[in-house]
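Welcome to a short tour of charged and polar side chains. Have the sequence and the 3D view at hand, and let us look at who pairs with whom.

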Amino acid sequence: MRPLSTLATVQHGLPADLSAEALAEVEALAKAGSTLFKTSVLGILVATLLFGGTSDAVAQVYVGSGGPRRGAVEISGGGMWNAGQDLASRDAVLTGNPGAGLGTVDLFRSEPSLDPVIGAQALVGVYVTRALAIEGGVQFSRPTLSVRLGDDFEDAPDVTATTDITQYLFTGSVLYHIGRPGRVAPFMAAGAGHLRDVHFGNELVETGTEYHGKLGVKIWTGEGRRRFGIRAEGGLSVRNGGFNFDEDRRVVPTAAVSLAYLF
């Protein structure tokens, strides 16, 4: 059997004439280097597992909380504003007697309009996907109807009569959220509705149709499944019917701000 010194010199490729003290020192250094190498490798593996796992966990949280899930419900309520509307004018005509040679006479001209109004709205939406939602809502307002009476046949001074009407608008919309879901979610929407104007304590009811398009933004306060937020939007409402002398279409600018809750 070879002595320890001979094995050491052969294993490490050292000269055979080294002293025993030198060989012992070389072997100690070799053992220390091996231990340091193993420790370094173990440290690298642990760091990879820890930081790699943390990155995956962060990525999963970010992806999972970036937007509402399919089937989530959003409710909101707040205030809305409609711009003023000029309604169709009409002449009050006195029918003449053809047998007496008398034609029709215009007694006066009426020019109705609805003043700008602030009202309330409530909305309920269901997310079909993370970006697409179907929404239904109702708006309530009490605009002032002003009717200017002029061009009187007997040259009477012009007068303006006013009264308040109750207006309901029932809507259905499709919303598309633009961009990647997050705390700030811009959206666009389009839909249609049913207009109902009530006057004189439900004695006079006029109905009509409505089509709308709007742009808006939702700002959420958190990133969980249940969260509160602010919703602001503006758009155009095309209305046909309602309290109007003629069945003409009119375009009404609209805006609304609501408190929203997602769950």
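A salt bridge here is a side-chain nitrogen of Lys or Arg within 4 Å of a carboxyl oxygen of Asp or Glu. Please keep in mind that this is a predicted model. By this rule, the count comes to 7 salt bridges.

Let us begin with glutamate 135 and arginine 231. These two form a salt bridge, with their closest N and O atoms 2.6 Å apart. Glutamate 135 sits in strand 6 (residues 132–141) and arginine 231 in strand 12 (residues 227–241), so this pair ties together parts that are 96 residues apart in sequence. Are the two partners buried or exposed? Glutamate 135 has a relative accessibility of 7% and therefore counts as buried; arginine 231, at 0%, counts as buried too.

This pair also belongs to something wider: salt bridges that share partners join Glu74, Glu135, Lys214, Lys218, Arg231 and Glu233 into one network.

Two members of that network, lysine 218 and glutamate 74, make a salt bridge in which the closest N and O atoms are 2.9 Å apart. Lysine 218 belongs to strand 11 (residues 204–220) and glutamate 74 to strand 1 (residues 73–82), so distant parts of the chain, 144 residues apart, are linked. Lysine 218 is buried, at 2% relative accessibility, and glutamate 74 is buried as well, with a relative accessible area of 4%.

Next come glutamate 111 and arginine 148, whose side chains meet in a salt bridge at 3.3 Å, N to O. This pair, too, links distant parts of the chain: glutamate 111 is in strand 4 (residues 105–114), arginine 148 is in strand 7 (residues 144–150), and their positions lie 37 residues apart in the count. Glutamate 111 is partly exposed, with a relative accessible area of 32%, and arginine 148 counts as partly exposed at 32%.

Here are the three pairs side by side:

| Salt bridge | Closest N to O |
|---|---|
| Glutamate 135 and arginine 231 | 2.6 Å |
| Lysine 218 and glutamate 74 | 2.9 Å |
| Glutamate 111 and arginine 148 | 3.3 Å |

Finally, a look at an uncharged neighbour in sequence terms: glutamine 139 is also placed in strand 6. At 18% relative accessibility, glutamine 139 counts as buried, because the cut-off for buried is under 20% relative accessible area. Which side chain does the side chain of glutamine 139 meet in a polar contact? The partner is the side chain of glutamine 121, at 3.4 Å. Leaving aside residues up to four places away in sequence, glutamine 139 touches Met80, Asn82, Ala120, Gln121, Gln167, Tyr168, Leu169 and Arg239.

Technical notes:
Residues are numbered from 1 along each chain as its sequence is written. This is a predicted model: local features need pLDDT of at least 70, side-chain atom pairs count only at pLDDT 80 or more; totals for chains, interfaces and linings use all residues. Side-chain values use heavy atoms; hydrogens and water are left out. Helices (H or I, at least four residues) and strands (E, at least two) are DSSP runs, numbered from the N terminus. Buried means under 20% relative accessible area, exposed over 50%, partly exposed in between (1.4 Å probe, protein chains only). A polar contact is a pair of N or O atoms within 3.5 Å; within protein, one must be able to donate a hydrogen and the other to accept it, and residues adjacent in sequence count only if both atoms are side-chain atoms. Contact means heavy atoms within 4.5 Å.
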